[in-house]
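The exercises that follow ask you to read a protein model step by step. Please work through each task before turning to its solution.

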Amino acid sequence: MFKHILRSLTGGPVTEASPGPSETALAELAGRVDRASRARLGRSLSIRQVDAGSCNACELEIHALNNPLYDVERFGIRFVASPRHADVLLVTGPVTRNMADALRRTWEATPDPKWVMACGACAIDGGVFAGSYACVGAVETVLPVDLRIPGCPPRPAELLAGLLALLERNATAT
């Protein structure tokens, strides 16, 4: 038994590293989001992330957008602390009973034009929390949702592709 423990402590991980995102593809995607936001809004895109009751897996992927690997702020995409400065509400998790009113007030405080993105399976349909006594349900039971990004959790590249789809769809609609 001691040999197995010693081997596992000194041997290192037995899994392979996952392939990293392509730097050129990521730069192209983020650049397209920046160009679309400047064409649609005349400025860079501001996002207010709202946790309506999630397990924080989606938040980890959202925070990865600001790490040195993705660094979306270099493309003009920024996360803001106030809904009064936001263009997009990025909502994660099922809406809990405690957060339903706060989510509505956040949406009301966001100036027009504003969009709501439901990020992850829990925000789209309740996920593993569906039917819980503590949950109101999906985000669309409280707010009008403009875009749904599936996944548990969705990867940062999928979040960027969702932002691009949202901007391009709304640019052609107006």
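A residue is called buried when its relative accessible area is under 20%, exposed when that area is over 50%, and partly exposed in between. The model is a predicted one, and every value below is computed from it.

**Exercise 1. The protein as a whole**

Task: Describe the order of helices and strands in the protein, and state what share of its residues is buried.

Solution. Begin with the count, which is 6 helices and 7 strands. Next, follow the chain along its sequence, where these elements appear in the pattern α-α-β-α-β-β-β-α-β-α-β-β-α. Then turn to burial: of the 174 residues in the protein, 43% are buried. The surface that remains exposed comes to about 9,600 Å², and carbon and sulfur atoms supply 56% of it. For the overall extent, the C-alpha atoms fill a box of roughly 65 × 45 × 25 Å along the principal axes. Finally, consider how the chain meets itself: among contacts with a separation of 6 or more, 79% are between residues 24 or more positions apart.

**Exercise 2. Charges and rings**

Task: Work out how the positive and negative side chains are balanced in the protein, and which residue lies over the face of Trp107.

Solution. The protein carries 18 positive and 18 negative side chains, and the centres of these two sets lie 2 Å apart. As for the rings, the structure holds 0 aromatic pairs. Trp107 nevertheless has Lys114 over its face, at 4.0 Å from the ring centre.

**Exercise 3. The buried residues of helix H4**

Task: Identify the buried residues in helix H4 and the strands that help to cover them.

Solution. Helix H4 spans residues 100–109, and its buried residues are Ala100, Leu103, Thr106 and Ala109. To interpret such a list, recall that an α-helix has 3.6 residues a turn, so residues three or four places apart point the same way. The cover over the buried residues of H4 includes strand E1 (46–51), strand E3 (88–92), strand E4 (95–96) and strand E6 (135–137).

**Exercise 4. Backbone features in three loops**

Task: Locate the cis peptide bonds that involve Pro113 and Pro153, and find where Asn56, with its positive phi, is placed.

Solution. Take Pro113 to start with: the peptide bond that leads to it from Asp112 is cis, with omega near -10 degrees, and Pro113 sits in the loop between H4 and strand E5 (115–119). Then take Pro153, which is joined to Cys152 by a cis peptide bond with omega about -10 degrees, and which belongs to the loop between strand E7 (147–149) and helix H6 (156–173). Lastly, Asn56, a residue other than glycine, has a positive phi near 80 degrees. Asn56 lies in the loop between E1 and helix H3 (57–64), and counts as partly exposed because its relative accessible area is 40%.

**Exercise 5. Leu163 and Leu147**

Task: Decide whether Leu163 is buried or exposed, and do the same for Leu147, then list what each of them touches.

Solution. Leu163 is found in helix H6, and its relative accessibility is 4%, so it counts as buried. Setting aside residues up to four places away in sequence, Leu163 touches Val33, Leu45, Ile47, Val88, Met117 and Leu147. Leu147 lies in strand E7 and is likewise buried, because its relative accessible area is 13%. With the sequence neighbours up to four places away again left out, the residues touched by Leu147 include Val116, Met117, Ala118 and Leu163. Met117 therefore appears among the contacts of Leu163 as well as those of Leu147.

**Exercise 6. Glu23**

Task: Establish whether Glu23 is buried or partly exposed, and which residues it contacts.

Solution. The place of Glu23 is in helix H2 (residues 23–41). Its relative accessibility is 41%, so Glu23 is partly exposed. Beyond its neighbours within four places in sequence, Glu23 is in contact with Leu69 and Arg74. As for distance, Glu23 and Tyr70 are 47 residues apart in sequence, while their C-alpha atoms are 8.5 Å apart in space.

Methods: Residues are numbered from 1 along each chain as its sequence is written. This is a predicted model: local features need pLDDT of at least 70, side-chain atom pairs count only at pLDDT 80 or more; totals for chains, interfaces and linings use all residues. Side-chain values use heavy atoms; hydrogens and water are left out. Rings of Phe, Tyr and Trp (its six-membered ring) pair if their centres lie within 6.5 Å; planes under 30 degrees apart count as stacked, over 60 as edge-to-face and the rest as tilted. A charge sits over a ring if NZ of Lys or CZ of Arg is within 6 Å of the ring centre and within 35 degrees of the ring normal. Buried means under 20% relative accessible area, exposed over 50%, partly exposed in between (1.4 Å probe, protein chains only). Helices (H or I, at least four residues) and strands (E, at least two) are DSSP runs, numbered from the N terminus. Contact means heavy atoms within 4.5 Å. Accessible areas come from the Shrake-Rupley method with a 1.4 Å probe; for residues, only the protein chains shown count as cover. Lys and Arg count as positive and Asp and Glu as negative; His and the chain ends are not counted. The place of a charge is taken as NZ of Lys, CZ of Arg, CG of Asp or CD of Glu.
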